[in-house]
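Please look at the sequence and the model shown here, and then read the short report that follows.

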Amino acid sequence: MTKLLQDPHSVREGREKVLEVAIGREVRAFRKQQGITVAELAKLTDLSIGMLSKIENGNTSPSLTTLQTLANALSVPLTAFFRGYEENREALLTKAGEGVEIERAGTRAGHQYNLLGHIGSNSSGVIVEPYLLTLTQESDTFKTFQHEGIEMIYMLEGKVDYLHGNEIYPLEPGDTLYFDADAPHGPERLVELPIRYLSIICYPQQKS
């Protein structure tokens with residue numbers, strides 16, 4: 001059995017709203033990004049390991065002088081430590097039938113794409129695009145797609161032979177196909193119409 005890297009049911013118990021915890025989380029994140037241990041950061045700042053541990057765990061309220069010392073040692077602006085506290089966490093509800101119908105390269109008559117939601121720049125560094133695809137009639141040869149990121153397809157209705165790279169996967173309701181979207185992919189043969197499936201594409205957001 002594959003072990004999950006994150007617990008999908010974990011709870012932060014509202015501590016995200018506590019300023020000290022938000023600051024501590026950012027200090028730890030910047031330290032780890034630069035590959036610095038707590039002991040090394042202690043030497044750079046003349047702060048004790050115990051004090052740094054309290055700061056990173058949100059158990060103390062550091063002074064502005066201490067924060068400035070940490071900012072200088074980590075080569076980040078002082079305001080960077082408040083990012084997690086001030087940042088908005090977005091959520092987007094799309095009611096049934098309200099997805100935005102769009103056109104994608106390769107779209108054919110009878111192939112309908114509905115974008116179910118979109119959150120742009122965010123703290124995760126990942127863009128997720130969920131689509132509901134509906135194929136209602138036979139069409140000409142389907143142009144394959146090829147783009148960056150990871151894609152997951154979940155079949156809801158109908159049957160389709162789906163191409164990925166040099167392999168063809170027969171999909172029917174309840175089936176999931178998870179793949180590297182950089183390889184050519186797309187419906188190869190529409191076996192049983194109508195066909196409906198969810199397509200969720202994830203890729204890294206561009207850094208400004």
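What span should the 15 residues of helix α1 have at 1.5 Å a residue, and how far apart are its end C-alpha atoms? The expected span, which is 1.5 Å times one less than the number of residues, is 21 Å for α1 (residues 19-33), and this agrees with its end C-alpha atoms, which are 21 Å apart. Helices here are DSSP runs of H or I with at least four residues, strands are runs of E with at least two, and both are numbered from the N terminus.

This is a predicted model, in which local features need pLDDT of at least 70 and side-chain atom pairs count only at pLDDT 80 or more, whereas totals for chains, interfaces and linings use all residues. Residues are numbered from 1 along each chain as its sequence is written, and side-chain values use heavy atoms, with hydrogens and water left out.

A residue is called buried under 20% relative accessible area, exposed over 50%, and partly exposed in between (1.4 Å probe, protein chains only). The table names buried residues of two helices and the glycine that follows each helix.

| Helix | Buried residues | Following glycine and its phi |
|---|---|---|
| α1 | including Val21, Ala22 and Phe30 | Gly35, positive, near 65° |
| α3 (residues 49-56) | Leu52, Ile55 and Glu56 | Gly58, positive, near 75° |

In α3, Leu52, Ile55 and Glu56 are buried. They cover an arc (taken from the directions from the helix axis to the C-beta atoms) of only 95° around the axis, which puts them on the same side of α3. What covers these buried residues includes α1, α2 (38-45) and α4 (64-74).

Glu192 lies in strand β7 (residues 185-204), and it counts as partly exposed because its relative accessibility is 41%.

Note on methods
Contact = heavy atoms within 4.5 Å.
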